[in-house]
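User: Could you walk me through this model, starting with its packing? I'd like the reasoning along with each answer.

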Amino acid sequence: MDVPLPHLDRPFDYLVPEALDADARPGVRVKVRFAGQLVDGWLLERAESSEHPKLAYLEKVVSPVPVLSPEVARLARAVADRYAGSLADVLRLAVPPRHARAEKAVTTDTPPTDEPAPGGTEPDGSPADGTEPDGSPADGTEPDGSPADGTATADGTAPGGVPSEAADAGARPGGRAEVDPRGWRDYPAGPALLRALTDGRPARAVWSALPGEDWADRYADAVAATVAGGRGAVVVVADARDLDRLDAALTAVLGAGRHVRLAAADGPARRYRAFLTARTGGVDVVIGTRAAMFAPVRRLGLVAIWDDGDDLHAEPRAPYPHARDVLLTRAQLGDIAAVVGGYARTAEAQLLVETGWAREVVADRAVVRARTPSMAPTGDDPQLARDPGAASARLPSLAWTTARDALRADLPVLVQVPRRGYVPSVACADCRAPARCPHCAGPLALPSAQGTPACRWCGRVAAAYACPECGGRRLRASVTGARRTAEELGRAFPGVPVRTSGREEVLATVPGGAGLVIATPGAEPVAEGGYGAVLLLDSWALLTRADLRAGEEALRRWMAAAALARPGTAGGRVVVVADGALAPVQALLRWDSAWFAARELAERRELGFPPAVRMASVTGAAEAVADLLAGARLPGDAEVLGPVPADEGRERMLVRVPRSRAAAMAEALHAAAGQRSARKAADPVRLQVDPLTLF
């Protein structure tokens, strides 16, 4: 039933009246009477009998279209169990709301059929190879770096690295056309990955893309190889701009009408029409944002995600699943190929490699050096010797001369600024104390050069602001935003066109020729032929965040911007305003995110942070949090950390367990939440397993 109460998270039996017998098929939406009310529900299966002696009748079949496939139902149950959530909450994410007009437009002569999932699962739905989707063994042992038994690698080798040429030759059906590897030739394991996809083998790959790589074309090649093998594919990207780029690449490779896109931003009618097209077998390929992670593709052979470190992949609604983990769970349950790609590598992706669940697909160092732009930091000793002010300057002389030289060569320049707006944070000019709103204590910001300070939280104007520390009335910028940066660079380079790309307006591409592009992270447009220079400003704003993933996130954003530059041999240069001795800066200069991800994972393993362990966040009123944890039968080796202050007067407790005990922790927390909902506890508690933000 579509009831978000943990203690009702189980199937219920109802009688099917004869009048609804034809339409009451597994997967349809229904209405049932429960506790005197008419509630929505999903028909999961039909049975001849029930162990309950007295049953109510099914009230209504909302639509005869079985929108919930058995494969997605199994996946939803697994996701709910992994995140200590309810099946009803996951199904709301998996199946979009019904749109009657769109449903009527998508008509087929035959109803949807549900073929059994490919091999690789036991009769009870558990993985046959005994591993979890993240690579950790399901038998309770710690990941030791040895590959899971029977896991196929991306380059066609056996788990121990021994080539399996005979198996590779015999697996490919005769007469099947192979996809031209094209750009995948730059990666030694790339062509073998495409062959494995064509053959229908469950290859699992963590792909580190080269600078300047057209990742959408590479994913289109992988999807085309999967389709050539008679299987379907699901590809998830972070935002609409990436989705448009992948959409165009797939249309060029597969042709029009061979795939659909699923995104909540497309509107309810278009989204539901695309969902039904996939559900009825009209297409074999679905692409989209995180809304597509549950897409009902028959004969699914590949799941892929691009830039899995982007926080847009994390669902903000209960039970807060991450698209990467949903796709990996799907690959594990169905013995399906999986590709996790990006310019940078997350610690979670590194764990897949180190445990042997996936094989890394990377280029040789010689190719990396040939494709990488020339990179330089501004905070190392040689630069400080030439420019002593570089340590404190926002735009050191090296960055300024790099931009000037690129503009003189008639090449565009990209400037990445972490903060949007004009001056998003101000401080007292006399004592440097941060300027706060006198009403709500929120940060004050300046909307323009002549604008009046206003609170970023409540919106109140602070025209007569006086510093509570020293009484000063003058303000100075403590953080400079993208619009102020564009204004300053416009004065520094008169006559040069200046464009901005950010939350208010995202540019997809910029024309060739000299010009300045000021962009916030994630909104960098693609330049024709690549940028002549990329300047990465205000690195401290990314590196000093109170976040476990601060270094990883900074490197991800830097590499995404640097990847848009020309190669060094073609005049491309990247300047990062940071100390070159910092680990994220070193990883950028060498274009070696795998090294940094391995370092991050080792440190988190030593300190006991995800993904080396599993953590759950329990947030709510202090009494409610204590009540839930008191009723939870946590594993004996669970550690309870906290409390720490959260938002709006609430507090947060963290529960930490080894990865092998993650299922037991989730089950205990879900059961405790069910006990509270059964006795109608007043104060809500928010449960999150492996939240992106811990502090």
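User: Thanks! Which residues touch the most other members of the largest nonpolar core?

Analyst: Happy to help; bear in mind that this is a predicted model. The largest nonpolar core has 72 residues, and helix α6 (residues 215–228) gives the most to this core, with nine residues. Apart from this core lies another, of 69 residues, including Leu 87 and Val 625. In the largest core, the members that touch the most others are Trp 207, Val 223, Leu 246, Leu 588 and Trp 591.

User: How many disulfides does the structure hold, and why?

Analyst: A disulfide needs two cysteine sulfur atoms within 2.5 Å. For Cys 437, the closest cysteine sulfur is that of Cys 458, 3.7 Å away, so this pair is too far apart for a bond. The sulfur of Cys 440 has its closest cysteine partner in Cys 455 at 3.4 Å, again too far for a bond. The number of disulfides is therefore zero.

User: Is Cys 437 buried or exposed?

Analyst: Buried means under 20% relative accessible area. Cys 437 has 5% relative accessibility, so Cys 437 counts as buried.

User: How are α1 and α2 oriented to each other?

Analyst: Helix α1 (residues 70–82) and helix α2 (residues 87–94) have axes that come within 9 Å and cross at roughly 125°. Their contact involves, among others, Val 72, Ala 76 and Val 79 of α1 and Leu 87, Val 90 and Leu 91 of α2. The crossing of α1 past α2 is right-handed. Angles from 65 to 115 degrees count as roughly perpendicular and those over 145 as roughly antiparallel, so the orientation of α1 and α2 is oblique.

How values were computed: Residues are numbered from 1 along each chain as its sequence is written. This is a predicted model: local features need pLDDT of at least 70, side-chain atom pairs count only at pLDDT 80 or more; totals for chains, interfaces and linings use all residues. Side-chain values use heavy atoms; hydrogens and water are left out. Buried means under 20% relative accessible area, exposed over 50%, partly exposed in between (1.4 Å probe, protein chains only). A nonpolar core is a set of buried Ala, Val, Leu, Ile, Met, Phe, Trp, Tyr and Cys residues joined through side-chain atoms within 4.5 Å. Helices (H or I, at least four residues) and strands (E, at least two) are DSSP runs, numbered from the N terminus. Axes are lines fitted to C-alpha atoms, for helices over the stretch in contact, and angles run from 0 to 180 degrees between N-to-C directions. Angles under 35 degrees count as roughly parallel, over 145 as roughly antiparallel, 65 to 115 as roughly perpendicular and the rest as oblique. A crossing is left-handed if the near helix is turned anticlockwise from the far one by less than a right angle, and right-handed if clockwise. Contact means heavy atoms within 4.5 Å.
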